[in-house]
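Visitor: Please take me through this structure one question at a time, and let each answer show the reasoning that leads to it.

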Amino acid sequence: PGLVGGHCIGVDPYYLTHKAEALGYHPEVILAGRRINDNMGAYVANRVVKLMIQRLKKIERPKVLIMGVTFKENCPDIRNSKVVDVYNELVDFGCEVSVYDPQASPEEVHEEYGIKLCDGSVMNKLKDFQAIVFAVAHKEFRELKIDKRNFPTTILYDLKGIFEKELVDARL
């Protein structure tokens, strides 16, 4: 924290691929890893939608809340955030997607990604959502007392291992 640039996942594989090819190597493993990272947003959105269909059977314009949009926890930096890919995929599925992030600047998120952040009042309306995706492990989210038994019809999907696996429907 503070010493590492934070570009390891997003930029370094492209640099390594370029250098390997320049030296005559075929960097298939690096490229395979890059493809997996690039498709994680679609993977997560697909799993969320499948879980909602399994639980709710019939859903019309499901409401999904994404908790966190920053690149990493407890930091306001939104550059290179892959959470936006999850957001876009869920919107493509026809979901009504809301995003809450107490660390991010609402103006910056709207300017960069066209996403309007919810304010903190959304925390009092969690049961209004058919799915909640915990995408960033901010301290505010770690302090929540979340248990799937208190949300019988809401899918709780934990991407960052914030909660014990017994307390949520799915973890990445």
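**Helix packing and core**

Visitor: How do helix 3 and helix 4 lie to each other?

Guide: Helix 3 and helix 4 are oblique to each other, in what is, it should be said at once, a predicted model. Their axes come within 8 Å and cross at roughly 45°. An angle under 35 degrees would count as roughly parallel, and one of 65 to 115 as roughly perpendicular, so the description that remains for helix 3 and helix 4 is oblique.

Visitor: What is the handedness of the crossing of helix 3 and helix 4, and which residues make the contact?

Guide: The crossing of helix 3 and helix 4 is right-handed. On the side of helix 4 the contact is made by D85, V86, E89 and L90, while helix 3 brings G41, A42, V44, A45, V48 and V49.

Visitor: How many nonpolar residues does this contact of helix 3 with helix 4 have?

Guide: By class, 1 residue of the contact is polar and 2 are charged. Gly counts as polar here, and G41 is one of the residues that helix 3 brings to the contact. The number of nonpolar residues in the contact is 7.

Visitor: Which element supplies the largest share of the largest nonpolar core?

Guide: The largest nonpolar core has 30 residues, and those with the most contacts inside it are V48, M52, I66, V69, L90, V133 and Y157. At least two residues of this core come from each of helix 3 (40-56), strand 1 (63-67), helix 4 (83-92), strand 2 (96-100), strand 3 (131-134) and strand 4 (155-158). The largest share, 6 residues, is supplied by helix 3. A second, separate core of 16 residues includes L65, M67, F129 and I146, but the answer for the largest core remains helix 3.

Visitor: Which residues does Y157 touch, leaving out those up to four places away in sequence?

Guide: Y157 is among the residues with the most contacts inside the largest nonpolar core. In soluble globular proteins, nonpolar side chains tend to be buried together. With residues up to four places away in sequence not counted, Y157 touches Y43, V44, R47, V48, L51, I132, V133, F134, A170, R171 and L172.

**Loops and accessible residues**

Visitor: How far is L167 from Y157 in space, C-alpha to C-alpha?

Guide: L167 lies in the loop between strand 4 and strand 5 (170-171), and it is partly exposed, with a relative accessible area of 23%. Neighbours within four places in sequence aside, the contacts of L167 are I146, D147, K148, R149 and L156. L167 and Y157 are 10 residues apart in sequence, and their C-alpha to C-alpha separation in space is 10.0 Å.

Visitor: Is R149 buried or exposed?

Guide: R149 lies in the loop between helix 6 (139-142) and strand 4, and its C-alpha is 9.8 Å in space from that of E166, with their positions 17 residues apart in sequence. The relative accessible area of R149 is 66%. Since exposed means over 50%, R149 counts as exposed.

Visitor: What is the relative accessible area of N80?

Guide: N80 lies in the loop between strand 1 and helix 4, and its phi is near 65°, a positive value in a residue other than glycine. N74 also lies in the loop between strand 1 and helix 4, and although it is not a glycine, N74 has a positive phi of about 55°. N74 is partly exposed at 36%, and N80 is partly exposed with a relative accessible area of 42%.

Visitor: With which residues is Y14 in contact, leaving aside neighbours within four places in sequence?

Guide: Y14 is found in helix 1 (residues 12-22), and at 47% relative accessibility it counts as partly exposed. Y14 and T70 are 56 residues apart in sequence and 22 Å apart in space, C-alpha to C-alpha. Beyond its neighbours within four places in sequence, Y14 is in contact with R34 and D38.

Visitor: With which residues is H110 in contact, again leaving aside neighbours within four places in sequence?

Guide: H110 lies in helix 5 (residues 106-113), and at 48% relative accessibility it counts as partly exposed. Its contacts, with neighbours within four places in sequence left aside, are I115 and K116.

Terms used: Residues are numbered from 1 along each chain as its sequence is written. This is a predicted model: local features need pLDDT of at least 70, side-chain atom pairs count only at pLDDT 80 or more; totals for chains, interfaces and linings use all residues. Side-chain values use heavy atoms; hydrogens and water are left out. A nonpolar core is a set of buried Ala, Val, Leu, Ile, Met, Phe, Trp, Tyr and Cys residues joined through side-chain atoms within 4.5 Å. Buried means under 20% relative accessible area, exposed over 50%, partly exposed in between (1.4 Å probe, protein chains only). Helices (H or I, at least four residues) and strands (E, at least two) are DSSP runs, numbered from the N terminus. Contact means heavy atoms within 4.5 Å. Axes are lines fitted to C-alpha atoms, for helices over the stretch in contact, and angles run from 0 to 180 degrees between N-to-C directions. Angles under 35 degrees count as roughly parallel, over 145 as roughly antiparallel, 65 to 115 as roughly perpendicular and the rest as oblique. A crossing is left-handed if the near helix is turned anticlockwise from the far one by less than a right angle, and right-handed if clockwise.
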